Amino acid sequence: MNGRGMQNGNDPKMPRFNMNWLYWAMLIAIGVLLFSGGGDALVGGTAAQEATYTKFKEYVVKGYAEKVEINKAESTLKMYVKPTHIQDVYGMSAKQVGRDAYVEVQFGSVDELERFLTAEQKAKKINDFSYETDKTGNILNNILFTFGPFILLVLVWVWLMRRMGGGGAGAGTGIFSVGKSKAKMYEKGNDLGITFKDVAGQEGAKQEVQEIVEFLKNPQKYTDLGGKIPKGALLVGPPGTGKTLLAKAVAGEAGVPFFSMSGSDFVEMFVGVGASRVRDVFAQAKQKSPCIIFIDEIDAVGRARSKNPSMGGNDERENTLNALLTEMDGFGTNSGVIVLAATNRVDMLDKALLRAGRFDRQINVDLPDLPERKAIFQVHLRPLKIEKTLDIDFLARQTPGFSGADIANVCNEAALIAARHDHKEVVKQDFLDAVDRIVGGLEKKTKVMTQEEKKTIALHEAGHATISWFCRYANPLVKVSIVPRGQALGAAWYMPEERQITTKEQMLDEMCSLLGGRAAEELFTGHISSGAVNDLERATKSAYGMIAYMGMSDKLPNICYYNNTEYQFQKPYSETTAKEIDAEVLKMINDEYARAKQILTEHKEGHNALAELLMKKEVIMASDVEEIFGKRPWLSRSQEIMKENEENAPKLEDMPEEVKQAQLEHERAVAEQESNEN
């Protein structure tokens, strides 16, 4: 036993006290008392028997009675039987009947009874007789039968109220504690075990929240210069980018009390509960300051209040929001309390919540770029047993647009696939299969298709591959498959270029590539199928975005009709303009469709060879396409960047003499190291 008492893992744990045990014990006791007649029928194992007055007199005359107790109020008596005569009265042994066995008798006249007992006492047939004065049993009976049902109802009601309030013992679980905060409080944020080392990428966001940590650790550094600690920071970004993880890391680095709750925790079926919980969590936070309150998915309570009374706004939600606004920046002070919140719907939040003084900072947590994806892979690959030659750069390039949660899922799926195939370690192909599984869905090789359907799908996917190969700005092809996955019967996989801005020419090339499958079907089979539904949907959305939002139309140039006003049920343009937009969209798609058919006609032989290869192998890579069409005439964006860097790099002969010598020495040292390793 250590100095802290019974805290070792080997020591027995005492069961927690639960009020339900007390309730059940009381109910059982009441039931026993009710069904036992208040304690008279079977006390200590005593047997009772009813008899007539004539039979009673016969027992007394025979000398069976030891003593008699008379109850004048109820005109009853109890004749206690001598142990030696129990067999004669009950037909059982004294051991079976128990001690103090008696016979209960109803009598008529008390005077006649007294005369009879007095005469028998003189004849020594009875030892003694007395009058009963103890009414406890009868009183208890009356009380239980009168008030027992009400007591039972009260106990059941209390039990139900505790269940409705959350059940179990402990504070804040009863019906009267429904207005208490449901926030989980960590006395020290570093108890979570998460620091900035566990958050890969997001360097800009980490730099922003790092200052909050510095404020909490060393506030005097800033207050000496007249600065004030920010009251709140809002983490904004798509799902899965690590907003909650970043908040946990802030708490872990600062080592201060950390209150964690969701926006939905303020919502309850009772009116006024949300506002009460807001006040309660801030009251607790003020007692623990400096501390952090983290509200995940704050849009559940922070949604913009309705400006139109006829819309029937949710008064309870608005009251909760008003309480939150007041607590964050009202007449009261919240010194040392910093509010962190996360949402992926910042456009829906109330403007009063976003103003400076409440949420002083909005920190964007965006989808990771290439270097950040590499860092995230390195974090999630730590617990995996991977091959030593695994190229993490390749994995990062294969997952454009993936969030941190998606990358974690890729690593987990790869490990599961490797185990399924009995691999000793996770290899490159396992990761590629995991990406295919997440993006395209589960592989369905057992799906039954006719030879004609398979040929149509091969022509369709070969059309996508051919168009993307000869369009300059289309995404580089990775592989083409006609193996069904999810709802798709085939797919062409690309490696999207990560662009900061996208030009009209780039978007048109991508649209042409999308329409290549439908164009190939019409050209080489003479009919069209439903297999191009997803391609047409994406092309149509892209066309409407270019014309209505980006001003890329010939007839409607430089105009954006985007309107994010809430509760706006009318289009922000006239019917005439709507017809113009529809006509421009139709013209743009038809032009790109005609262009796709022209490219396919020019490369008809290569397209057919590609389709035949697909029919044979089912999955072909970019190298197979290169063997048919030759080198792609256009460099990808990454290749263009590498070429520009090589061209702009200073040449060795143009460098100063000392730089030349240093460069040559470095190259010689590298060569020697490589030769020693070999």
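Are phenylalanine 258 and phenylalanine 294 buried or exposed? In this predicted model, both phenylalanine 258 and phenylalanine 294 are buried, and the two residues also take part in one of the ring pairs described below.

## Aromatic pairs

The structure holds 7 aromatic pairs. In one of them, the ring centres of phenylalanine 258 and phenylalanine 294 lie 6.3 Å apart and the ring planes meet at 15°, so this pair is stacked. Because phenylalanine 258 belongs to strand S8 (residues 258–262) and phenylalanine 294 to strand S9 (residues 291–296), the pair ties together parts of the chain that are 36 residues apart in sequence.

Phenylalanine 470 and phenylalanine 629 also form an aromatic pair, here with an edge-to-face arrangement in which the centres are 5.1 Å apart and the planes stand at 85°. Phenylalanine 470 lies in helix H18 (residues 451–470) and phenylalanine 629 in helix H24 (residues 622–629), so that this pair ties together parts 159 residues apart in sequence; both phenylalanine 470 and phenylalanine 629 are buried. Elsewhere, ring pairs link Tyr53, Phe56 and Phe116 into a cluster.

## Helix H17 and its surroundings

Helix H17 (residues 428–440) has 13 residues, which at 1.5 Å a residue should span 18 Å, and the C-alpha atoms at its ends are indeed 18 Å apart, in agreement with that expectation. Lysine 428 lies over the face of phenylalanine 394, at 4.2 Å from the ring centre. After H17 comes glycine 441, a residue with a positive phi, near 105°.

The buried residues of H17 are Asp430, Phe431, Leu432, Ala434, Val435 and Asp436, a list in which two aspartates, Asp430 and Asp436, appear beside Phe431, Leu432, Ala434 and Val435. The cover over these buried residues includes both helices and strands, namely helix H15 (392–397), helix H16 (404–420), strand S12 (477–481) and strand S13 (491–494).

## Strand S2 and its partners

Strand S2 (residues 65–71) pairs with strand S3 (residues 76–81) in the antiparallel sense over 6 bridges, and the two strands form a hairpin with 4 residues between them. Within the turn of this hairpin, serine 75 has a positive phi of about 55°. Glutamate 69 has lysine 78 of S3 as its bridge partner, and lysine 78 in turn lies over the face of tyrosine 102, at 5.1 Å from the ring centre.

S2 also pairs with strand S5 (residues 128–131), in this case in the parallel sense and over 4 bridges. Here the bridge partner of isoleucine 70 is tyrosine 131 in S5. S2 thus takes part in an antiparallel pairing with S3 and in a parallel pairing with S5.

## Salt bridges

A search of the whole structure finds 18 salt bridges. Among them is the one in which the side chains of lysine 231 and aspartate 329 meet, at 3.0 Å from N to O. This pair links distant parts of the chain, 98 residues apart, with lysine 231 in the loop between helix H8 (220–223) and strand S7 (232–236), and aspartate 329 in the loop between helix H12 (315–328) and strand S10 (337–343). Lysine 231 counts as partly exposed because its relative accessibility is 34%, and aspartate 329, at 22%, also counts as partly exposed.

Another salt bridge joins arginine 595 and glutamate 592, whose closest N and O atoms are 3.0 Å apart. Since arginine 595 and glutamate 592 are 3 residues apart in helix H22 (residues 575–602), about one helical turn separates them. An α-helix has 3.6 residues a turn, so residues three or four places apart point the same way. Arginine 595, with a relative accessible area of 27%, is partly exposed, whereas glutamate 592, at 8% relative accessibility, counts as buried. Lysine 631 forms a salt bridge with glutamate 626, with 3.4 Å between the closest N and O atoms; lysine 631 counts as exposed at 67% relative accessibility, while glutamate 626 counts as partly exposed at 31%. Finally, salt bridges that share partners join Lys55, Glu58 and Lys62 into one network.

Key
Residues numbered from 1 in each chain as written. Predicted model: local features only at pLDDT ≥ 70, side-chain atom pairs only at ≥ 80, totals over all residues. Heavy atoms only, no water. Phe/Tyr/Trp six-rings, centres within 6.5 Å; stacked < 30°, edge-to-face > 60°. Buried < 20%, exposed > 50% of the residue type's maximum accessible area, 1.4 Å probe, protein only. Lys NZ or Arg CZ within 6 Å of the ring centre and 35° of its normal. Expected span 1.5 Å × (residues − 1). Contact = heavy atoms within 4.5 Å. Pairing = 2+ DSSP bridges. Salt bridge = Lys/Arg side-chain N within 4 Å of Asp/Glu carboxyl O.
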